[in-house]
Amino acid sequence: MSSVKMHADEVDIDKSLVGRLVAAQFPRWAHLPVTKVPSAGTDNAMYRLGSDLVVRLPRIPDAARQVDKEQRWLPFLAPHLPLAVPVPLGKGVPGEGYELPWSVYRWLDGANAFDEPVADVAETAMELGRFGAALRTVDAAGGPASFRGGPVRTRDDEVRAAIRDLGADGTVDAEAATAAWEEVLRLPQWTGDPVWVHSDLLPGNLLVRAGRLSAVIDFGCVGVGDPACDMMAAWTLLTAGTRDLFREAAEVDDATWARGRGWALSWGLVTEHYYRVKNPVLATVGRRALREALAEYQAAAG
């Protein structure tokens, strides 16, 4: 990953800082070596601590709220889920010149699905669909609002700005993207009770071992709301030939699936627009989501 900062308010984090924080607040782990974990994540930095632990630190003040949320809800959700998820082992507080809370988790082996693609996409489609379906069955009472659990149309200004700029430099067909986005804005909205959604089922948050999906990580955006945002994986990771398998396993209706494609289109546009220089890995995922979703809109339009 590039050392270029992705956000104007991004704080400085390095191995030395992590070592000092651990030594001061978790002395039982002070002897363990600290190693930076390469990641395309935008909100948090990760450092492996020994062989069994990982330290996760917010890069920006706005991500600090994710610490308490993950500490509170991951132990509640984990027993209901068919894939491994992070296990919080300690919560750190500001110190050593670092002004945000932070966490220590059990290390989960595996490579992210961007760096190590799954061997069987069809199997992964079904496993990921079942994961989302299981998550939605968990009691949502008292759950925090999901980062992407509201109407996708609230992203209208960002999406139109992305279409304008990406169209101007020839990255996207602005006319086709606008037509597709207008279709998204006309979709019926979620009227059911809020349900649990991960909100960020991107390749970088899916772990793969021996070619198989093994874990889902990064629950910083988890919350309750419209399940459509968790359908984005169909266009960020899966193929046209395996999307129906994912949809069947996810057990969603036509309207939710359509809104999910709208999320893939909007997220792809905004991500390509914002991160293409600052985070090329994430921008590549955004470009794929945009391309795959837009192709379906254009095919449907004839």
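A residue counts as buried when its relative accessible area is under 20%. T236 in helix α6 meets that cut-off, because its relative accessibility is 3%. The model is predicted. This briefing covers T236, four helices, two strand residues and two loop residues with positive phi.

**T236 in α6**
- T236 is found in helix α6.
- Leaving out residues up to four places away in sequence, T236 touches L201, L202, P203, W267, V285, R288 and A289.
- One of these partners, W267, falls within the range of α8, residues 254-275.
- Three of them, V285, R288 and A289, fall within the range of α9, residues 280-301.

**Helix α3**
- Helix α3 covers residues 121-137.
- Its 17 residues should span 24 Å at 1.5 Å a residue, and the end C-alpha atoms are 25 Å apart, so the two values agree.
- D120 caps the N-terminal end of α3. A side-chain oxygen of D120 lies 3.1 Å from the backbone nitrogen of A122.
- The buried residues of α3 are T124, A125, E127, L128, G129, F131, G132, A133, A134, L135 and R136.
- Charged side chains appear in that buried set, including E127 and R136.
- Helices that pack against the buried residues of α3 are α2 (65-77), α6 (233-236) and α7 (243-250).
- Strands also pack against these buried residues: β7 (195-197), β8 (206-209) and β9 (212-216).

**Helices α4 and α8**
- Helix α4 runs over residues 156-168.
- The 13 residues of α4 should span 18 Å at 1.5 Å a residue; the end C-alpha atoms are 18 Å apart, so expectation and model agree.
- V159, A161, A162, I163 and L166 are the buried residues of α4.
- The cover over these buried residues includes α5 and α8 (254-275).
- After α4 comes G170, which has a positive phi near 85°.
- Helix α8 has 22 residues. From first C-alpha to last, α8 reaches 31 Å, close to the 32 Å expected at 1.5 Å a residue.
- Helix α8 is mostly covered, with 18 of its 22 residues buried.

**Crossing of α5 and α9**
- The axes of α5 (residues 174-185) and α9 (residues 280-301) come within 10 Å. They cross at roughly 80°.
- The two helices are therefore roughly perpendicular to each other.
- On the α5 side, the contact is made by A176, A177, A180, E183 and V184. On the α9 side, it is made by L294, Y297 and Q298.
- The residues of this contact divide into 6 nonpolar, 1 polar and 1 charged.
- The charged residue is E183 and the polar one is Q298.

**K91 in β4**
- K91 lies in strand β4, residues 88-92.
- K91 counts as partly exposed because its relative accessibility is 39%.
- Its side chain makes a polar contact of 2.4 Å with the side chain of D68.
- K91 and D68 are 23 residues apart in sequence. Their C-alpha atoms are 8.4 Å apart in space.
- Beyond neighbours within four places in sequence, K91 is in contact with F26, V67, D68, Q71 and W102.

**S103 in β5**
- S103 sits in strand β5, residues 102-106.
- S103 is buried, because its relative accessible area is 2%.
- A polar contact of 3.0 Å joins the side chain of S103 to that of Q71.
- Not counting residues up to four places away in sequence, S103 touches V54, V55, R56, V67, Q71, G90 and G92.
- V67 and Q71 are among the contacts of S103 and also among those of K91.

**Positive phi in loops**
- Most residues other than glycine have a negative phi.
- S199 has a positive phi near 80° and is not a glycine.
- S199 is found in the loop between β7 and β8. S199 is buried, because its relative accessible area is 0%.
- D218 is not a glycine either, yet its phi is positive, about 55°.
- The loop between β9 and β10 (223-225) holds D218. At a relative accessible area of 17%, D218 is buried.

Terms used
Residues are numbered from 1 along each chain as its sequence is written. This is a predicted model: local features need pLDDT of at least 70, side-chain atom pairs count only at pLDDT 80 or more; totals for chains, interfaces and linings use all residues. Side-chain values use heavy atoms; hydrogens and water are left out. Helices (H or I, at least four residues) and strands (E, at least two) are DSSP runs, numbered from the N terminus. Buried means under 20% relative accessible area, exposed over 50%, partly exposed in between (1.4 Å probe, protein chains only). Contact means heavy atoms within 4.5 Å. A polar contact is a pair of N or O atoms within 3.5 Å; within protein, one must be able to donate a hydrogen and the other to accept it, and residues adjacent in sequence count only if both atoms are side-chain atoms. Axes are lines fitted to C-alpha atoms, for helices over the stretch in contact, and angles run from 0 to 180 degrees between N-to-C directions. Angles under 35 degrees count as roughly parallel, over 145 as roughly antiparallel, 65 to 115 as roughly perpendicular and the rest as oblique. The expected span of a helix is 1.5 Å times one less than its number of residues.
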